[in-house]
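Dear colleague,

Here is the structure I said I would pass on. My notes on it follow below.

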Amino acid sequence: MSTFQVTDTIARILKVCPETSRVFEKAGMDYCCGGGVSLEAACKERRLDTAALLTELEACAGIEHASEDVSTLSLAGLADHIESTHHAYLRAELPRLLAMTEKVAMVHGGKESRLLRVHDTFTLLARELSEHLDKEEQILFPMVRQLDGGAEASAFHCGSVANPVAQMEREHDEAESSISELRALTDGYVPPKWACGTYRAMLSGLARFEGDLLIHIYKESTLLFPRAVFREQALSAR
Ligand SMILES: [Fe+2]
Ligand SMILES: [Fe+2]
């Protein structure tokens, strides 16, 4: 498995990686009103090669972790993978992007006031994400690893694993809404003609950050969390 599946809806693929809209446009597919159908069904309708289109979508995603096969990983293995790739990326990248948004806001905020809001929005998002990573690494992921090892649900101080999962899902929704705001404030990360090098680097960094974060959330919300909740239910039913 890669980032996308043939059973994913077009809307889901676009949510994970908005850049894939270019691939759908090229293939003549209606991703606006026809986003609810699966990739497989949409390709069949237009007699397109599903596998070829899937490969193109993966290439478009262009995220270094996108091609990693995580489907065969155990629950603990998936938690380890997310921590060593996406969490490590955020720990390194958040301070760098924060410094860039601050510099660009200071230098160009007088001319383009939206850059002040970019800095404010990113500052809040970076703080919330850092706390979110801490909670996953210190509370939820250790529970996931215990479940993988066969621990009973009653072993957890917070009751069910579904409780921290629900909290993490709320925080994912909040992060996605901040990402949408950053995208809108920067016209989809497209620099104006007068943008300096730092401004351009900030935008390309934010675009990459968005791509990685959406894939990170996808791996947790679609793969890790539902499997952990299912595992706990299966253990409880024994
Ligand atoms: Fe995470
Ligand atoms: Fe998360």
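The four donor atoms around the iron ion (ligand 1) subtend angles of 88 to 167°, so the arrangement is irregular. Please keep in mind that this is a predicted model.

The first iron site

The donors to the iron ion (ligand 1) are His87 (NE2), Glu136 (OE), His216 (NE2) and Glu220 (OE), at 2.0 to 2.2 Å. Along the sequence these donor residues follow the spacing H-x48-E-x79-H-x3-E. The short step at the end of that pattern involves helix α8: His216 and Glu220 are four residues apart in this helix and are therefore separated by about one helical turn. His216 has a relative accessible area of 2%, and since buried means under 20%, it counts as buried. Glu220 is also buried, because its relative accessibility is 0%.

The second iron site

Which residues coordinate the iron ion (ligand 2)? They are His132 (NE2), Glu136 (OE), His172 (NE2) and Glu220 (OE), again at 2.0 to 2.2 Å. The angles among the four donor atoms run from 83 to 174°, and the site of the iron ion (ligand 2) is irregular. In sequence, the donor residues of the iron ion (ligand 2) are spaced H-x3-E-x35-H-x47-E. Two of them tie distant parts of the chain together: His132 belongs to helix α6 (residues 114–148) and His172 to helix α7 (residues 162–185), with their positions 40 residues apart in the numbering. His132 and His172 are both buried.

How the two sites are connected

The iron ion (ligand 1) and the iron ion (ligand 2) lie 3.3 Å apart, and Glu136 bridges them. Glu220 is listed among the donors of the iron ion (ligand 1) and also among those of the iron ion (ligand 2).

Packing of α5 and α8

Helix α8, which holds His216 and Glu220, spans residues 197–236 and packs with helix α5 (residues 75–108). The axes of α5 and α8 come within 9 Å and cross at roughly 150°. An angle over 145 degrees counts as roughly antiparallel, so α5 and α8 are roughly antiparallel to each other. Their crossing is left-handed. The residues that make up the contact of α5 with α8 comprise 20 nonpolar, eight polar and nine charged ones.

In short, the model has two iron ions bridged by Glu136, and a left-handed crossing of α5 and α8.

Best regards

How values were computed
Residues numbered from 1 in each chain as written. Chains lettered and ligands numbered in written order. Predicted model: local features only at pLDDT ≥ 70, side-chain atom pairs only at ≥ 80, totals over all residues. Heavy atoms only, no water. Axes fitted to C-alpha atoms, helices over the stretch in contact; angles between N-to-C directions. Helix = DSSP H or I, 4+ residues; strand = E, 2+ residues; numbered from the N terminus. Parallel < 35°, antiparallel > 145°, perpendicular 65-115°, else oblique. Left-handed = near helix turned anticlockwise from the far one by under 90°. Nonpolar A, V, L, I, M, F, W, Y, C, P; charged D, E, K, R; others polar. Donors = N, O, S within 2.8 Å, 3.2 Å for Na, K, Ca; no water. Tetrahedral: all angles 85-135°; square planar, octahedral: opposite > 155°, others 65-115°. Buried < 20%, exposed > 50% of the residue type's maximum accessible area, 1.4 Å probe, protein only.
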